[in-house]
Amino acid sequence: MRRFNFQFINILCFGICLFIGGISGNSAHAQEFGKNILTGGPNGTYIQIGRDLSAVAGACGLNYAVQESAGSLENFLGVRKRSNTQFGIVQSDVLEYLKTFASDDPNIARAIFGVRIAFPLYNEEVHILASRDVTSLGGLNGKRVAVGVEDSGTFLTASLVLDLAGVQPSERVMINATDSMAQLLAGEIDAMFYVAGAPTKLFLSDQIDPAKFHLLPINDPTLSSVYVPTSIPARTYPFQTDPIDVVAVKAVLMTYDYSASKNEYHRLSCKSVSDMANLILTNFQQLQQVGHPKWKSVDLNDIPPGWDIGECVNAGLADNYQMQCQGQVTAAPQDSLESKANEAYRTRICAAIGC
């Protein structure tokens, strides 16, 4: 993807420089140890996934706080540099962008240093909600289009989609999803991008009039070769009567490569990562049954290429790892540990790190 001349590269690089220069390291500076998961906005899928993980941990007597954020880029950089922030949910095209430009930009190289994969999650659909007079992706030429805030995955994906499809809006409005929705309903913009796992709470609102608004299909051949072609089923949202062909990008749970022997903060952080890894593994079926519907599509073996698995994650996946839940030491349920998906994931990890 290095051949594309993306308009947002300088903006993102500038943001990375500010982030690296303005936030202290994540090691010894924390005054009080905490466990946090960076997610997204209040109406998105990320925050619901984070709450599912926090609930599983809470049942074990462990407190992982779910934090709102601007989205994927902030989450990635937060895992790298923010104290007491062990996890962040990130879009895989953000990972691809950072990996692609790391060799040419020392700031990006520093930003990705030490960041690791914890678990692959689900595919996130690219939603484009537009007024009815816009009938196709090409119809966004000359229109005012909301593309998300600068540190969000929606911003990066929207920019990629527009550039790859050769679409030139009259203005790319950089505002968050809630403001985008308000401006679209008020007729101040013509369309909005929102990258989130369907169904996303934002589009379940009964304020979206199907006579005025609809989801745009995304069936551009170039986009289908870069992203995952998929479909949003009919009646996913109240205003949507028919299935819509779109593209999707995978969401990934990221962490940091803590070294338990470095200091107390790293030791505690590594344990919190190992604990969460074990909780996800041993409660995977429960997450699929009672968590957000997107858990049903999670493939624990679908790890993005080119990224390493965290050592602390691997420790939590070991057969002999023990969890301290409500004062009781319990081993992971054997039937869960031996499921095909979990075994495939462990095999993939061992292949990656040579265990």
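How many residues does helix 6 have, and how far does helix 6 reach from its first C-alpha to its last? Helix 6 has 13 residues and reaches 18 Å, close to the 18 Å expected at 1.5 Å a residue. The model is predicted. A search of the whole structure turns up 2 disulfides. This briefing covers helix 6, its packing against helix 4, the packing of helix 2 with helix 9, and the disulfides.

**Helix 6**

- Helix 6 covers residues 153-165.
- Helix 6 is mostly covered, with 11 of its 13 residues buried.
- The buried residues include Gly153, Thr154, Phe155, Leu156 and Thr157.
- Also buried in helix 6 are Ala158, Ser159, Leu160, Val161, Leu162 and Leu164.
- Glycine 166 comes just after helix 6 and takes a positive phi of about 70 degrees.

**Helix 4 against helix 6**

- Helix 4 runs over residues 92-102.
- Helix 4 is mostly covered: 9 of its 11 residues are buried.
- Among the buried residues of helix 4 are Ser92, Asp93, Val94, Leu95 and Tyr97.
- Leu98, Thr100, Phe101 and Ala102 of helix 4 are buried too.
- Helix 4 and helix 6 pack at an angle of about 75 degrees, and their axes lie 9 Å apart.
- Angles of 65 to 115 degrees count as roughly perpendicular; helix 4 and helix 6 are therefore roughly perpendicular to each other.
- On the helix 4 side, the contact is made by Asp93, Val94 and Tyr97.
- On the helix 6 side, Gly153, Leu156, Thr157 and Leu160 meet them.
- By class, this contact of helix 4 with helix 6 has 4 nonpolar, 2 polar and 1 charged residues.
- The helix 4 contact residues Asp93, Val94 and Tyr97 are buried.
- Gly153, Leu156, Thr157 and Leu160, their partners in helix 6, are buried as well.

**Helix 2 against helix 9**

- The axes of helix 2 and helix 9 come within 10 Å and cross at roughly 95 degrees.
- That crossing makes helix 2 roughly perpendicular to helix 9.
- Helix 2 brings Leu53, Val56 and Ala57 to the contact.
- Helix 9 meets them with Met276, Leu279 and Ile280.
- By class, the contact of helix 2 with helix 9 has 6 nonpolar, no polar and no charged residues.

**Disulfide of cysteine 60 and cysteine 325**

- Cysteine 60 and cysteine 325 form a disulfide, with their sulfur atoms 1.8 Å apart.
- The link is left-handed, with -80 degrees about the S-S bond.
- This pair links distant parts of the chain, 265 residues apart.
- Cysteine 60 sits in the loop between helix 2 (45-59) and strand 2 (65-67).
- Cysteine 325 belongs to strand 11 (residues 322-325).
- Both cysteine 60 and cysteine 325 are buried.

**Disulfide of cysteine 270 and cysteine 312**

- Cysteine 270 is joined to cysteine 312 by a disulfide, S to S 2.1 Å.
- The torsion about their S-S bond is about -115 degrees, so this disulfide is left-handed.
- Cysteine 270 lies in helix 9 (residues 264-282) and cysteine 312 in helix 11 (residues 311-316), so the pair ties together parts that are 42 residues apart in sequence.
- Buried means under 20% relative accessible area; cysteine 270, at 11% relative accessibility, therefore counts as buried.
- Cysteine 312 is buried, with a relative accessible area of 3%.

Key. Residues numbered from 1 in each chain as written. Predicted model: local features only at pLDDT ≥ 70, side-chain atom pairs only at ≥ 80, totals over all residues. Heavy atoms only, no water. Axes fitted to C-alpha atoms, helices over the stretch in contact; angles between N-to-C directions. Helix = DSSP H or I, 4+ residues; strand = E, 2+ residues; numbered from the N terminus. Parallel < 35°, antiparallel > 145°, perpendicular 65-115°, else oblique. Contact = heavy atoms within 4.5 Å. Nonpolar A, V, L, I, M, F, W, Y, C, P; charged D, E, K, R; others polar. Disulfide = S-S within 2.5 Å. Buried < 20%, exposed > 50% of the residue type's maximum accessible area, 1.4 Å probe, protein only. Expected span 1.5 Å × (residues − 1).
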